Amino acid sequence: MDQNRNEIREEIRREIELLFAGAPKTRASWELQEELLANCMERYEDLTADGMEPREAVRAVVGSIGNVDELIASLPEEDGVMGFVWDAQRRRNSALTVTIAVGLYILAVVVFFTGMALTTFFGSIAYLIGIICAVVVCIIPTCMLVYNAYRYPKYERKKDTVVENFKQWNNDSAKVKQIRGAISSMLWTLTVVVYMLVSFLTGAWYITWVIFLISGCLESAIILFFKLKELPK
Amino acid sequence: MSITFDLIRGHTDAIILSYLCDGDSYGYQINKDIMKATDNQFELKEATLYTAFRRLEQTGLIQSYWGNEAVGARRRYYTITDAGRDAYTGLKQEWQHSKVILDKLLT
């Protein structure tokens, strides 16, 4: 029974493929045929359940499809450019997030200089506290930017063309770049903090600079990681 | 009969929107509903139905999503958007208007 059904299914599929022989070989076209097949199968089931002969039912089902010329013509054409699909509200939100983030970065700089100015009264500890506070302040905008990068609408492919493929790839890699930038800025700020902390606490200035080399290696490792992820599967 | 068919076919969009106002549906289901409502007197050709679906989807009046049927082919369901509801109200009013005029002309 089930095997018989599969055969009928394949037969109807072939009939549909014949009807769509002149249609563009796009995803939209393929989805349309898939949709048609599902509905045809259901119609077939109903007809045979009502006692129609399988042969006759297949003919009736295929006949009920009708003239597909107009349908094929309504399928999206291959070329044509579709821009980013995102509304003004989202754009405003994104701009607001970036603005606040930049403001917080500036605040961090102010905190840093305040700490430096206060060293005259409280000694080098004020300098240290200033740096730590500045870095803590930096964490917030960095997180905001990373989050924003994720919220940035993914480029949705409207048509199956090379141009569209390229645009999607371009969009994806721009996003990766943005995230990578955020990670790298976070890494280097942290490096400075660790360097300062360790140096002030141990006084081993002659060796602590090694931290920068370690961070350099770390960054290369992160970039490599992203590169590997970007490779086509 | 063929005049009736053409006349009704000219309102395919409105008919589809009308059914989707009551809830999400898919191609064959809508056709079945049409047949049931008209006592098998009227049925849309598959091609006409899907051309209308594409047109409505491209103008943003309906949206589609694939169902997750465990067995058999996957159905593609359609759902009406707010713009679609507005359009339906407009189309219905237009039809009422045409009906009044036709009734006056065909006496």
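# Exercises on a predicted two-chain model

At a relative accessibility of 24%, B:Ser18 counts as partly exposed (buried means under 20% relative accessible area, exposed over 50%, and partly exposed in between, with a 1.4 Å probe and protein chains only). This is a predicted model, in which local features need pLDDT of at least 70, side-chain atom pairs count only at pLDDT 80 or more, and totals for chains, interfaces and linings use all residues. Residues are numbered from 1 along each chain as its sequence is written, chains are lettered from A and ligands numbered from 1 in the order in which they are written, and side-chain values use heavy atoms, with hydrogens and water left out.

## Exercise 1. Confidence and composition

Task: State the confidence values of the complex and of chain B, then describe the secondary structure of chain A and of chain B.

Solution.

Step 1. The predictor assigns the complex an ipTM of 0.80 and a pTM of 0.51. For chain B the mean pLDDT is 86, and 93% of its residues reach 70 or more; pLDDT is the predictor's confidence in each residue, from 0 to 100. Where pLDDT is low, the predicted coordinates should not be read in detail.

Step 2. Chain A has ten helices and zero strands (helices, H or I, of at least four residues and strands, E, of at least two are DSSP runs, numbered from the N terminus). Of its 233 residues, 33% count as buried.

Step 3. Chain B has five helices and three strands, in the order α-α-β-α-α-β-β-α along the sequence. Of the 107 residues of chain B, 35% count as buried.

Step 4. Contacts between residues at least 6 apart in sequence are considered next; a contact means heavy atoms within 4.5 Å. In chain A, 66% of such contacts join residues at least 24 apart; in chain B, the share is 47%.

## Exercise 2. Two residues of helix α2(B)

Task: Determine where B:Leu17 is found and which residues it touches, then locate B:Ser18.

Solution.

Step 1. B:Leu17 is found in helix α2 of chain B. With a relative accessible area of 0%, B:Leu17 is buried.

Step 2. Leaving aside residues up to four places away in sequence, B:Leu17 touches B:Leu56, B:Leu61, B:Ile62, B:Ile80, B:Gly84, B:Ala87, B:Tyr88 and B:Leu91. One of these, B:Ala87, is 70 residues from B:Leu17 along the chain, yet their C-alpha atoms are separated by 8.4 Å.

Step 3. B:Ser18 is also in helix α2 of chain B. B:Ser18 and B:Ile80 are 62 residues apart in sequence and 9.3 Å apart in space, C-alpha to C-alpha.

## Exercise 3. The packing of α2(B) and α3(B)

Task: Describe how α2(B) and α3(B) pack, and name the residues that make the contact.

Solution.

Step 1. Two packed helices are described by the angle between their axes and the distance between the axes. For α2(B), residues 12-21, and α3(B), the angle is about 100 degrees and the axes are 11 Å apart. Axes are lines fitted to C-alpha atoms, for helices over the stretch in contact, and angles run from 0 to 180 degrees between N-to-C directions.

Step 2. The two helices are therefore roughly perpendicular to each other; angles under 35 degrees count as roughly parallel, over 145 as roughly antiparallel, 65 to 115 as roughly perpendicular and the rest as oblique.

Step 3. From α2(B), the contact involves B:Ile15, B:Ile16, B:Tyr19 and B:Leu20; from α3(B), it involves B:Ile30, B:Asp33, B:Ile34 and B:Ala37.

Step 4. By class, this contact has seven nonpolar, no polar and one charged residues (Ala, Val, Leu, Ile, Met, Phe, Trp, Tyr, Cys and Pro count as nonpolar, Asp, Glu, Lys and Arg as charged, and the others, Gly among them, as polar).

## Exercise 4. The faces of α3(B) and the loop after it

Task: Establish which residues of α3(B) are buried and which are exposed, then describe B:Asp39 and B:Asn40.

Solution.

Step 1. The buried residues in α3(B) are B:Gly27, B:Tyr28, B:Ile30, B:Asn31, B:Ile34 and B:Met35. Viewed down the helix axis, they fall within an arc of 160 degrees, so they line one face of α3(B); the arc is that of the directions from the helix axis to the C-beta atoms.

Step 2. B:Lys36 and B:Ala37 are exposed on the other side of α3(B).

Step 3. The cover over the buried residues includes α2 (27-49) of chain A, together with α2, β1 (25-26), α4 and β3 (76-80) of chain B.

Step 4. B:Asp39 lies in the loop between α3 (27-37) and α4 (46-58) of chain B. Its phi is near 55 degrees, a positive value in a residue other than glycine. B:Asp39 is exposed, with a relative accessible area of 61%.

Step 5. B:Asn40 is found in the loop between α3 and α4 of chain B. The phi of B:Asn40 is near 60 degrees, a positive value in a residue other than glycine, and B:Asn40 is exposed at a relative accessible area of 61%.
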